[in-house]
Amino acid sequence: MEVPLILFRTARGRFAVDAYFTEFVSLEPRKVLLIKDPSKEALSETAGRPLPVLLREDVGEFLRRLFLTLEESSREARDRRISHLRRWNVLRIIGIPTGHSRHIATDERLGEIERESSFGLALLKGILGVTSSGELAKVPIIGEGVAYRKLWVEDGKVKSPAGEDTVYTGLLRKDSIFRTAFFSALFRDTLFPREMEERGQAFP
């Protein structure tokens with residue numbers, strides 16, 4: 001399949017963001033993982049039958065909004081995690097049984113959201129060259145059009161002409177929304193919807 005990417009430039013260099021699969025990830029921080037260095041990819045200016053550009057928002061506005069979202073979600077997840085641990089500790093100290101495994105599961109879920117948000121925010125800071133949201137308005141983000149990238153699956157790994165894409169392979173394994181969208185796009189001309197779903201669910 002041929003995936004569209006929107007090219008853009010900041011003070012830190014030239015980048016490209018996946019303009020199709022950014023709409024199909026279960027957590028906002030994972031959108032940052034779909035930003036690439038175009039100099040390391042085999043991109044083409046044309047495509048025979050590409051996937052549509054779903055990222056219709058101006059790329060500058062998209063990145064600024066994503067930055068604010070990650071900043072907020074990172075802070076919110078951290079606060080919720082601290083609050084949850086405090087309540088759990090108080091109940092445990094006074095001897096009220098509350099379900100140990102349930103609290104562990106909640107803490108792990110909040111911890112994952114906090115880690116992914118913080119990591120995504122750190123990556124975005126590097127791409128935009130800022131340290132806080134207060135600097136976003138002054139950051140130049142210049143769109144440079146659309147390019148296309150070929151992707152396929154081989155031996156359980158996502159490949160492109162430049163080699164294996166470990167980010168996409170990782171998302172196939174851990175993100176069910178991305179996995180369903182990926183296989184639906186990959187087999188859109190050869191399989192029926194039920195077969196697409198089965199392929200996605202069977203991915204190791």
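## Pocket and its lining

A pocket is here an open set of grid points with protein on both sides within 12 Å along at least five of seven lines, and its lining residues have an atom within 4 Å of a point. In this predicted model, the lining of the largest pocket consists of Phe-15, Val-32, Leu-33, Ile-35, Lys-36, Asp-37, Lys-40, Glu-41, Ala-122, Leu-123, Gly-126 and Ile-127. Two elements, strand 3 (35-36) and helix 2 (100-128), each give two or more residues to this lining. Helix 2 contributes the most, with four residues.

The volume of the largest pocket is about 250 Å³. Sorted by class, its lining comprises seven nonpolar, one polar and four charged residues.

## The four-stranded sheet

Strands of a sheet pair through backbone hydrogen bonds, in either a parallel or an antiparallel manner. In this model, four strands form an open sheet in the order 3-2-1-4, and the pairing is antiparallel. The edges are occupied by strand 3 and strand 4 (142-150); each has a single partner strand, so one side of each lacks a neighbour in the sheet.

Strand 1 (residues 2-10) and strand 2 (residues 13-18) run antiparallel and are joined by six bridges. Within this pairing, Phe-8 has Phe-15 of strand 2 as its bridge partner. Phe-15 is also one of the residues that line the largest pocket.

## Salt bridges

Side chains of opposite charge can pair when their charged atoms come close. Eleven salt bridges are found in a search of the whole structure. One of them connects Arg-149 and Glu-41, with the closest N and O atoms 3.0 Å apart. This pair links distant parts of the chain, since Arg-149 belongs to strand 4 and Glu-41 to the loop between strand 3 and helix 1 (59-93), 108 residues apart. Arg-149 has a relative accessible area of 2% and is therefore buried; Glu-41, at 19%, falls under the 20% limit and so is also buried. Glu-41 is, in addition, among the residues lining the largest pocket.

A second salt bridge joins Lys-31 to Glu-28, again with 3.0 Å between the closest N and O atoms. Lys-31 is buried, with a relative accessible area of 8%, whereas Glu-28 is partly exposed at 29%. Within helix 1, Glu-61 and Arg-64 lie three residues apart, about one turn of the helix, and their side chains meet in a salt bridge of 3.7 Å, N to O. Glu-61 counts as partly exposed, with 43% relative accessibility, while Arg-64 counts as buried, with 19%. Elsewhere, salt bridges with shared partners unite Lys-36, Glu-41, Arg-149 and Asp-165 in one network. Of this network, Lys-36 and Glu-41 appear in the lining of the largest pocket.

## Aromatic contacts

A pair of aromatic rings is described by the distance of the centres and the angle of the planes. The search of the whole structure yields ten aromatic pairs. Among them, Tyr-20 and Phe-21 form an edge-to-face pair, with 4.9 Å from centre to centre and 90° between the planes. Both Tyr-20 and Phe-21 are buried.

Tyr-20 and Phe-21 also belong to one aromatic cluster, together with Phe-24, Tyr-168, Phe-178, Phe-182, Phe-183 and Phe-187.

Conventions: Residues are numbered from 1 along each chain as its sequence is written. This is a predicted model: local features need pLDDT of at least 70, side-chain atom pairs count only at pLDDT 80 or more; totals for chains, interfaces and linings use all residues. Side-chain values use heavy atoms; hydrogens and water are left out. On a 1 Å grid over the protein atoms alone, a cavity is a set of points where a 1.4 Å probe fits but cannot get out, and a pocket is an open set with protein on both sides within 12 Å along at least five of seven lines; lining residues have an atom within 4 Å of a point. Grid points are joined across faces, edges and corners, and a volume is the space filled by probe spheres set on the points. Ala, Val, Leu, Ile, Met, Phe, Trp, Tyr, Cys and Pro count as nonpolar, Asp, Glu, Lys and Arg as charged, and the others, Gly among them, as polar. Two strands pair if DSSP finds at least two bridges between them. A salt bridge is a side-chain nitrogen of Lys or Arg within 4 Å of a carboxyl oxygen of Asp or Glu. Buried means under 20% relative accessible area, exposed over 50%, partly exposed in between (1.4 Å probe, protein chains only). Rings of Phe, Tyr and Trp (its six-membered ring) pair if their centres lie within 6.5 Å; planes under 30 degrees apart count as stacked, over 60 as edge-to-face and the rest as tilted.
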